Amino acid sequence: MASSDFRKINIDQYDEDQLLEEELYEADPRDPATVLADAKSKAAGVRGLIAKGDLGTALNSVLENAPYGPKVDDAKILTLQTLLLILNSTKPAEIPTRVKALSSDCQDTLMKYLYKAMAMPGYADVNSSALLSWHEKLTEVAGIGCIVRVMTDRKTV
Amino acid sequence: MSAPDAYNIAQVPLTAHAFSPDRSALALSTNSNDAQIYAKDGYDWQPISTLKQHDKLVTSIDWAPTTDRIVTCSQDRNAYVWTKESNPESPSQTIWKPTLVVLKINRAATQVRWSPLENKFAVASGARSICICSFDEEMNWWASKQIKKPIRSTVLSIDWHPNNVLLAAGSADMKARVFSTFLKEVDKKPPPNVWGDKFPWSTVCGEYSSSSGGWVHTVGFSPSGDAMAFASHDSTITIVYPAAPAVITLKTTMLPYVTLIWTAEDALIAAGHDCQPMLYSGASTGWKPVGSLDDVNGPRSSNFSSASSPRTPGGGGGGNGPAVGRLNNAAFNRFKDADSRGTSSIPGTPSSPGGGLFGGASGVSGGELMTVHQNTITSVRPYEWSPNGTVTKVSTTGVDGKLVIWNVSAAVGLAPKLAGVHLR
């Protein structure tokens, strides 16, 4: 069988003028430590809101200014855990109302987290059936355009 | 609402198209190394001549409305300007004679467009550059000058500002830019406008990112040139008003658009992977979708005017009649069609891009889309203007090998129906 090793050669490394990942989107202006601190304070706030039953506000606060880009993996994981907590505590009947109340930017971010969670089966709080029903309702509201944006956006969560 | 005129031109994807100034002929790239000229014969379009010179896929064609010259560009890194001459052997016939364009690029040429005065043209390329070409009398060829900075990736689309100097370019580095292409041998100094006061060669007059990081597939200046729109692969359309200043981004619920044109100062048509042209309207205060030019909910047989499109879902029991017998079902008919008529081997038969369930407006019935185009629309171009300068008809070609001419006004009546599709 023919070798496929040539496919693993990074031909761009010989290009002096190669296009780098960080040129494709604007970096988060916050530094990684601030991002992590923000994520921690949001997580604490969300637990309070869930206890009060105010899931709409909780969802919005997690999705707004969600961490993206390199070097903030801890904040990303913490945000995912916080979000899963909200998704799992929402009653299925309430999902459409929650989804419609979000801004279109937040809808895109929510879709990114849904795909991220679905890519981590068996991870602590990942509940596939809850994720799938959120995905279904979100697609009904935001359309396939929302899924396309998850695939194209380099600002991964 | 008047039905669109649809023509089945070929069984292969149509990569690009351009009409002759009087609309009696049509230049097409049928996904091959040659550009074809078609002329209207009764209802159908028949090939009359072939522009044979490229040795890779022809990616784009433009036909100059005043000077009646054609320019083609190709993945073979070349472009040719074609002029009409009478055939020396039989003077009654005309032939198209190519003139060389010296592009000096090392990657494919992706799109070519004549400038409004037709004394220059621009070629976008995969070599992270745009070539601005003008005619060199001495050498009898078209010489080019390149714009390279700050383009970081393949330039996918270009569009000229009406002042013959500014050029919009959309690129795979997720950005749309506006450049000055001022050549002192060719151009007079343009007056200041909303994009700037002075325009020396290759000035960047504007740079805009696509909102969720998609390749910018298509760019377009408004008729006045005071606004620019671009659509990118993240299913968004962005409209830029440098005077306001305002940047309006519309996130659509549908698949991405790959081509757009302005029909008036307050309206544009975008088309692409959703297989139907969509009309948008607005101003610097905001934009909204108006509707599809394609009546996806209407009865297909009555508003589809093509003479040569087999559209019945199956033989025997007819479209909607109850299936009689074990073998008379949709799947069986599909295979039967594939066997006897070769229908499923048409490249245009999609596996279902844009399923009707997910917010997209295209319904799927028996494997065929409810839209006129059965696959991605590759280019939309103005076809007819009203006396006041607004575009009244547009032409589209697609991967399904169809050419369709649409009435722009057809979309207006659809607004309430489509709004329902969008917002449910």
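**Close-up views of chains A and B**

**View 1. A loop residue of chain B, K104(B), in a predicted model.** K104(B) sits in the loop that links strand 9 (94–102) to strand 10 (109–114) of chain B. The structure shown here, and in every view below, is a predicted model. Look at the backbone of K104(B): its phi is near 55°, a positive value in a residue other than glycine. That is worth a second glance, as most residues other than glycine have a negative phi. K104(B) has 13 C-beta neighbours inside 10 Å, so this residue counts as partly exposed; the cut-offs are 20 or more for buried and 12 or fewer for exposed.

**View 2. Positive phi in chain A, at N65(A).** Here we move to the loop between helix 2 (55–63) and helix 3 (73–89) of chain A, where N65(A) is found. The phi of N65(A) is near 50°, again a positive value in a residue other than glycine. Around N65(A), 15 other C-beta atoms lie within 10 Å, so this residue is partly exposed.

**View 3. A cis peptide bond between K149(B) and P150(B).** If you follow the backbone from K149(B) to P150(B), you cross a peptide bond that is cis, with omega near 0°. P150(B) belongs to the loop between strand 13 (141–147) and strand 14 (155–160) of chain B. For context, most peptide bonds are trans.

**View 4. A cis peptide bond between A244(B) and P245(B).** The bond joining A244(B) and P245(B) is cis, and omega is about -15°. P245(B) lies in the loop between strand 20 (236–241) and strand 21 (246–251) of chain B.

**View 5. An open four-stranded sheet in chain B.** The strands of this open sheet come in the order 2-3-4-5, and their pairing is antiparallel. Strand 2 (16–19) and strand 5 (44–51) of chain B are at the edges, each with a single partner strand, so one side of each has no neighbour in the sheet. On average, neighbouring strands of this sheet are turned by 25° against each other, direction ignored. Zooming in on one edge, strand 2 of chain B runs antiparallel to strand 3 (residues 25–29) of chain B, and four bridges join them. To find your bearings, start from H17(B), whose bridge partner in strand 3 of chain B is L28(B).

**View 6. An annotated repeat in chain B.** An unreviewed UniProt entry annotates residues 51–92 of chain B as "repeat: WD". Over residues 51–92, chain B is 0% helix and 48% strand, and the end C-alpha atoms are 19 Å apart.

Notes:
Residues numbered from 1 in each chain as written. Chains lettered and ligands numbered in written order. Predicted model: local features only at pLDDT ≥ 70, side-chain atom pairs only at ≥ 80, totals over all residues. UniProt positions renumbered as here; feature names shortened; annotations may be inferred. Helix = DSSP H or I, 4+ residues; strand = E, 2+ residues; numbered from the N terminus. Pairing = 2+ DSSP bridges. Axes fitted to C-alpha atoms, helices over the stretch in contact; angles between N-to-C directions.
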